[in-house]
Amino acid sequence: MSTTRRQQPGDLGPEPDGVVGVPPGTSAGQARRLALNGASGIVPLARDFTRQALYDWGWLPAASADRRAAAEDVLLVVSELVTNACLHAEGPDELTVVCDGKVLRLEVSDRGAGQPAPRTPHRAGRPGGHGMFIVQRLCLDWGVVRMPGAPGKTVWAELAAPA
């Protein structure tokens with residue numbers, strides 16, 4: 001659930017012809033989509049896809065430790081969101097990566113009805129259950145968008161672009 005602002009239903013959601021929308025003012029070169037439904041090796045596939053986008057957008061190769069850390073944070077958040085969709089939501093349908101130069105937004109759409117949330121209290125020494133806690137700690141914001149009358153949801157997270 002978003003901690004700082006509310007997303008409106010339909011933001012970046014499916015358009016009538018099934019094409020995923022791109023935010024206003026975003027050029028086509030700054031938005032990438034990957035269909036994941038039925039794919040094998042989904043988590044490494046999503047990470048590799050995102051890593052290539054980061055190369056294409058100049059995040060990688062990183063010129064400093066801060067830039068390298070920012071790219072690694074993005075790849076970790078992708079892994080966590082996609083893994084959660086695999087474990088708790090009947091698998092992911094699509095990954096969308098959008099960068100406007102200041103913020104990188106990750107979206108994972110799935111067919112699940114559950115509501116992701118960090119486990120509280122967080123117990124660092126216990127295995128499992130850290131995914132949304134990691135997302136919450138690394139991201140500027142995150143949340144869930146549901147389309148009224150449609151199954152599933154889109155879990156999104158936003159990270160700051162490196163300076």
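What percentage of the 163 residues of the chain count as buried? The figure is 42%. The model is predicted, and the exercises below work through its confidence, its sheet, its helices and a few single residues.

**Exercise 1. State how confident the predictor is in this chain, and name the stretch to treat apart.**

Step 1. Take the average: the pLDDT over the chain is 81.

Step 2. Take the share of residues that score at least 70, which is 75%.

Step 3. Look for a low stretch. Residues 1–29 have a pLDDT below 50. In the model, this stretch still has 46 contacts beyond near neighbours in sequence.

**Exercise 2. List the elements of the chain and give their sequence from the N terminus.**

Step 1. Count by type: the chain holds 3 helices and 5 strands.

Step 2. Read along the chain: the elements follow the pattern β-α-α-β-β-α-β-β.

Step 3. Ask how far apart the contacting residues lie in sequence. Of the contacts with a separation of 6 or more, 61% are between residues 24 or more positions apart.

**Exercise 3. Lay out the sheet and decide which strands stand at its edges.**

Step 1. Write down the strand order. The 5 strands form an open sheet in the order β1-β2-β3-β5-β4, and the pairing is antiparallel.

Step 2. Find the strands with a single partner. These are β1 (31–35) and β4 (141–145), so each has one side without a neighbour in the sheet.

Step 3. Add the twist, which averages 15° from one strand to the next.

**Exercise 4. Trace β2 through its pairings with β1 and β3.**

Step 1. Start with β1. Strand β2 (residues 92–99) pairs with β1 over 5 bridges, in the antiparallel sense.

Step 2. Place residues on this pairing. R33 has T96 of β2 as its bridge partner, while R32 stands opposite V97 in β2.

Step 3. Go to the other neighbour. β2 and β3 run antiparallel and are joined by 7 bridges. On this pairing, C99 stands opposite L104 in β3.

Step 4. Inspect the turn. The hairpin of β2 and β3 has 3 residues between the strands, and G101 takes a positive phi near 100° there.

Step 5. Check how covered the strand is: 7 of the 8 residues of β2 are buried.

**Exercise 5. Place helices α1 and α2 relative to the strands, then check the length of α2.**

Step 1. Helix α1 (residues 42–56) lies across β1, β2 and β3 (103–110), and runs at about 160° to β1.

Step 2. Helix α2 (residues 65–88) lies across β2, β3 and β5 (153–160), and runs at about 15° to β3.

Step 3. Test the length. With 1.5 Å a residue, a span of 34 Å is expected for the 24 residues of α2. The end C-alpha atoms of α2 are 34 Å apart, so the model agrees with the expected span.

**Exercise 6. Describe the surroundings of T50 and A53 in helix α1.**

Step 1. Settle burial for T50. Its relative accessibility is 0%, so T50 counts as buried, the cut-off being under 20%.

Step 2. Find a polar partner. A polar atom of the T50 side chain lies 2.9 Å from the backbone oxygen of A46.

Step 3. Collect the residues beyond four places away in sequence that T50 touches: V74, L75, V78, L95 and V97. V97 was met in Exercise 4, where it stood opposite R32.

Step 4. Repeat for A53. Its relative accessibility is 1%, so A53 counts as buried too. The C-alpha atom of A53 is separated by 8.7 Å from that of A31, although the two residues are 22 residues apart along the chain.

**Exercise 7. Identify the backbone features of P61 and E90 in the loops that flank α2.**

Step 1. Begin with the loop between α1 and α2, where P61 lies. The peptide bond from L60 to P61 is cis, with omega near -5°.

Step 2. Move to the loop between α2 and β2, where E90 is found. E90 comes just after α2. Its phi is near 65°, which is a positive value in a residue other than glycine.

Step 3. Is E90 buried or exposed? Its relative accessible area is 60%, so E90 is exposed, the cut-off being over 50%.

Terms used:
Residues are numbered from 1 along each chain as its sequence is written. This is a predicted model: local features need pLDDT of at least 70, side-chain atom pairs count only at pLDDT 80 or more; totals for chains, interfaces and linings use all residues. Side-chain values use heavy atoms; hydrogens and water are left out. pLDDT is the predictor's confidence in each residue, from 0 to 100. Contact means heavy atoms within 4.5 Å. Two strands pair if DSSP finds at least two bridges between them. Helices (H or I, at least four residues) and strands (E, at least two) are DSSP runs, numbered from the N terminus. Axes are lines fitted to C-alpha atoms, for helices over the stretch in contact, and angles run from 0 to 180 degrees between N-to-C directions. Buried means under 20% relative accessible area, exposed over 50%, partly exposed in between (1.4 Å probe, protein chains only). A polar contact is a pair of N or O atoms within 3.5 Å; within protein, one must be able to donate a hydrogen and the other to accept it, and residues adjacent in sequence count only if both atoms are side-chain atoms. The expected span of a helix is 1.5 Å times one less than its number of residues.
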